[in-house]
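This report is meant for a reader who is meeting the structure for the first time. Please keep the sequence and the 3D view at hand while reading.

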Amino acid sequence: MKKLILSFAMAALVAGGAVAQQGPAKQTAAPQAQAKSGPAITFESTEHNFGEIAQGDVVEHTFTFTNTGTQPLVIDRVDVTCGCTSPDWTKEAVMPGKTGYVKAKYNSAGRMGQQKKAITIHSNTGEPTYVYIVTNIKEKPASAAKTQ
């Protein structure tokens with residue numbers, strides 16, 4: 001009996017190895033990923049770098065997301081780390097497969113150097129989601145400051 005089981009195991013191993021060596025062209029397509037049960041938020045990008053900006057500049061970026069879950073997604077609130085960033089977001093429910101946004105407006109007045117600001121999205125997914133804006137603030141040129 002042991003020899004019979006061992007023979008079947010070896011045959012399965014050899015057959016599995018032969019299938020694996022066929023290469024990607026002969027393999028069938030993988031099944032589509034299952035959508036998460038309940039709402040799920042998936043951002044196209046979770047960080048945006050504005051590069052170098054001058055002190056006092058106001059910049060804005062819109063983060064786009066998709067509800068990759070099976071139920072409507074609702075953003076309850078969006079928190080920012082300081083008063084220099086003001087958020088806006090999709091207020092209505094985002095149905096499965098549809099997109100929404102979280103917009104961050106950043107005012108660099110009174111700030112200098114490297115900055116990385118976290119934006120926390122609270123929704124009915126059960127866990128907060130984070131996106132980030134990054135910039136390097138340089139001193140405004142003296143000639144530009146005088147004309148204002």
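## A parallel pair of strands

E47 has Y132, a residue of strand 8, as its bridge partner. The model is a predicted one, and in it strand 2 and strand 8, the latter made of residues 129-138, run in the parallel sense and are paired over 6 bridges.

These two strands belong to an open sheet of 4 strands, in which the order is 2-8-7-4 and the pairing is mixed. At the edges of this sheet are strand 2, covering 47-54, and strand 4, covering 75-80, each of which pairs on one side only. On average, and with direction ignored, neighbouring strands of the sheet are turned by 20° against each other.

The residue Y132 appears again in a contact with a charge, since the charged end of K116 sits over the ring of Y132, at 4.9 Å from the centre of that ring.

## An antiparallel sheet

A further group of 4 strands forms an open sheet with the order 1-3-6-5, and here the pairing is antiparallel. Its edge strands are strand 1, at 41-43, and strand 5, at 85-89, and each of them pairs on one side only. Neighbouring strands in this sheet are turned against each other by 30° on average, again with direction ignored.

Within this sheet, strand 3 (residues 58-67) and strand 6 (residues 99-107) are paired in the antiparallel sense, over 9 bridges. One position that a reader can look up is V58, whose bridge partner in strand 6 is N107.

The range of strand 5 is 85-89, and at W89 a lysine comes into view: K91 lies over the face of W89, at 4.1 Å from the ring centre.

## Aromatic rings

The structure holds 2 aromatic pairs. In the pair of F43 and F63, the ring centres are 6.5 Å apart and the planes stand at 85°, which is over the 60 degrees required, so the pair counts as edge-to-face. This pair links distant parts of the chain, with F43 in strand 1 and F63 in strand 3, 20 residues apart.

How many residues make up the aromatic cluster that includes F43 and F63? The cluster is formed by F43, F63 and F65. As for their surroundings, are F43 and F63 buried or exposed? Both F43 and F63 are buried, a term that stands for a relative accessible area under 20%.

Definitions and conventions: Residues are numbered from 1 along each chain as its sequence is written. This is a predicted model: local features need pLDDT of at least 70, side-chain atom pairs count only at pLDDT 80 or more; totals for chains, interfaces and linings use all residues. Side-chain values use heavy atoms; hydrogens and water are left out. Two strands pair if DSSP finds at least two bridges between them. Axes are lines fitted to C-alpha atoms, for helices over the stretch in contact, and angles run from 0 to 180 degrees between N-to-C directions. Rings of Phe, Tyr and Trp (its six-membered ring) pair if their centres lie within 6.5 Å; planes under 30 degrees apart count as stacked, over 60 as edge-to-face and the rest as tilted. Buried means under 20% relative accessible area, exposed over 50%, partly exposed in between (1.4 Å probe, protein chains only). A charge sits over a ring if NZ of Lys or CZ of Arg is within 6 Å of the ring centre and within 35 degrees of the ring normal.
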